[in-house]
Amino acid sequence: MLLVTFLGTGGSLPTKNRNPSAIMVNRDGELIMFDCGEGAQQQMMRAKTGMMNLSSIFITHFHADHILGMPGLVQTMSFQGRTEPLTIYGPEWVEEFVKLLSALGYYKLKFEIRAVKMERGDVVRKDGYSVVALQTEHNVRSIGYALVEDPRPGRFDREKAVKLGVPVGPLFSKLHKGEDVEVDGRVIRSEDVVGAPRPGRTIIYSGDTRPCRDVLEASENADLLIHDGTLADEKLKWAKEAMHSTAGEAAALARKAGVRKLVLTHISSRYSDDVTPLLNDARAIFEDVIIAEDLMSVEVPLRDQ
């Protein structure tokens with residue numbers, strides 16, 4: 001399972017329908033967050049994502065709308081008995097932020113919060129996937145992230161394995177994992193019964209940014225691109241001044257990169273009642289695009305090839 005839940009999709013300010021930026025990713029039961037805006041823990045409760053299995057929070061930058069949900073969240077987890085460490089990754093100033101977070105509220109946390117500074121190209125290795133830091137272009141130091149799964153083994157040809165004399169059982173598993181096995185004095189090679197490796201899935205989260213090279217390159221053939229789509233194209237000048245992207249600009253990047261699906265987030269409050277201008281601008285360039293809504297979930301399917 002690779003499920004993305006949008007806890008907050010608003011730009012800068014909360015509205016009656018949108019909380020500030022926060023995204024939860026559930027990968028086979030492990031929870032990781034990208035940004036943690038105000039009210040994130042209540043959104044987690046509403047979406048029923050859980051929180052105690054949260055292993056890491058990846059922060060794109062330290063504007064308030066991307067971090068103010070963390071003090072309440074960490075204190076709630078501590079109150080509920082969490083003892084496992086929580087790692088917070090982010091750009092410059094993450095160490096100072098974690099010190100302030102740990103000291104806030106006259107409340108001693110029951111678990112450790114670890115800070116890890118990330119710069120362009122840094123890789124966090126996880127079980128079966130990696131998270132890579134991307135250089136983005138905002139009006140403060142900022143980074144985006146690419147969640148990249150490891151390649152999966154190719155399809156196992158059970159019928160061929162049986163014909164080659166491999167008995168049904170543990171040897172099947174060894175072959176599928178890439179190990180050669182011996183049967184009655186003969187070596188059966190893994191490549192004889194296992195097809196070519198299949199790609200894992202890739203999710204890109206841009207955070208707040210202008211369209212930029214790192215996000216474009218990391219998004220090549222990505223399964224899901226979550227991109228800043230703050231403003232409609234008619235507000236291009238404003239987007240450039242604020243160092244955000246328009247819906248059309250994000251769609252153009254998605255088309256150039258050949259992504260499978262684009263989700264626009266960080267939606268300006270001016271579109272609180274009608275996101276049609278954003279959707280129209282984007283779909284004129286890239287068809288498979290949706291505007292993120294709070295508590296919306298997107299499942300990222302496995303690829304066959």
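Here is a chat between a trainee and a mentor about a predicted model.

Trainee: Let's start with the open sheet. How many strands does it have, and in what order?
Mentor: The open sheet has seven strands in the order 6-5-4-3-2-1-16, and the pairing is mixed.

Trainee: And which strands sit at the edges?
Mentor: Those are strand 6 (113–117) and strand 16 (297–299), each of which pairs on one side only. From one strand to the next, the twist averages 20°.

Trainee: In what sense do strands 2 and 3 pair?
Mentor: Strand 2 (residues 22–27) and strand 3 (residues 30–36) are antiparallel, and six bridges join them. If you want a spot to look at, I23 stands opposite F34 in strand 3. As background, strands of a sheet pair through backbone hydrogen bonds, either parallel or antiparallel.

Trainee: Okay, helices now. Which strands does helix 2 lie across?
Mentor: Helix 2 (residues 70–79) lies across strand 3, strand 4 (54–58), strand 5 (86–90) and strand 6. Its direction is at about 165° to strand 4.

Trainee: What about helix 3, which strands does it touch?
Mentor: Helix 3 (residues 94–103) packs on the sheet and touches strand 5 and strand 6. The direction of helix 3 makes about 165° with that of strand 6.

Trainee: Back to helix 2. How many of its residues are buried?
Mentor: Seven of the 10 are buried, so helix 2 is largely enclosed by the rest of the structure. The buried residues are M70, P71, L73, V74, T76, M77 and S78.

Trainee: What do those buried residues pack against?
Mentor: They pack against strand 3, helix 1 (40–47), strand 4, strand 5, helix 3 and strand 6.

Trainee: And which residue follows helix 2?
Mentor: G81 follows helix 2, and its phi is positive, near 100°.

Trainee: Switching topic: how many salt bridges are there?
Mentor: The count comes to 15 salt bridges. The general idea is that side chains of opposite charge can pair when their charged atoms come close.

Trainee: Give me one to look at. What does E30 pair with?
Mentor: E30 forms a salt bridge with K126, at 3.5 Å from N to O. The pair links distant parts of the chain, 96 residues apart: E30 is in strand 3, while K126 is in the loop between strand 7 (123–125) and strand 8 (129–135).

Trainee: Is K126 buried or exposed?
Mentor: K126 is buried, because its relative accessible area is 15% and the cut-off for buried is under 20%. Its partner E30 has 22% relative accessibility, so E30 counts as partly exposed.

Trainee: Where do E159 and K163 lie?
Mentor: Both are in helix 4 (residues 158–163), four residues apart, which is about one turn of the helix. They form a salt bridge, with the closest N and O atoms 3.5 Å apart. In an α-helix there are 3.6 residues a turn, so residues three or four places apart point the same way. E159 is exposed at 55% relative accessibility, and K163 is exposed at 67%.

Trainee: Which residue does E249 form a salt bridge with?
Mentor: E249 pairs with R210, and the closest N and O atoms are 2.7 Å apart. E249 lies in helix 9 (residues 247–257) and R210 in the loop between strand 12 (202–205) and helix 7 (213–218), so the pair ties together parts that are 39 residues apart in sequence. Both E249 and R210 are buried.

Trainee: Last one: which residues do salt bridges with shared partners join into one network?
Mentor: That network consists of R27, E149 and R201.

Terms used
Residues are numbered from 1 along each chain as its sequence is written. This is a predicted model: local features need pLDDT of at least 70, side-chain atom pairs count only at pLDDT 80 or more; totals for chains, interfaces and linings use all residues. Side-chain values use heavy atoms; hydrogens and water are left out. Two strands pair if DSSP finds at least two bridges between them. Helices (H or I, at least four residues) and strands (E, at least two) are DSSP runs, numbered from the N terminus. Axes are lines fitted to C-alpha atoms, for helices over the stretch in contact, and angles run from 0 to 180 degrees between N-to-C directions. Contact means heavy atoms within 4.5 Å. A salt bridge is a side-chain nitrogen of Lys or Arg within 4 Å of a carboxyl oxygen of Asp or Glu. Buried means under 20% relative accessible area, exposed over 50%, partly exposed in between (1.4 Å probe, protein chains only).
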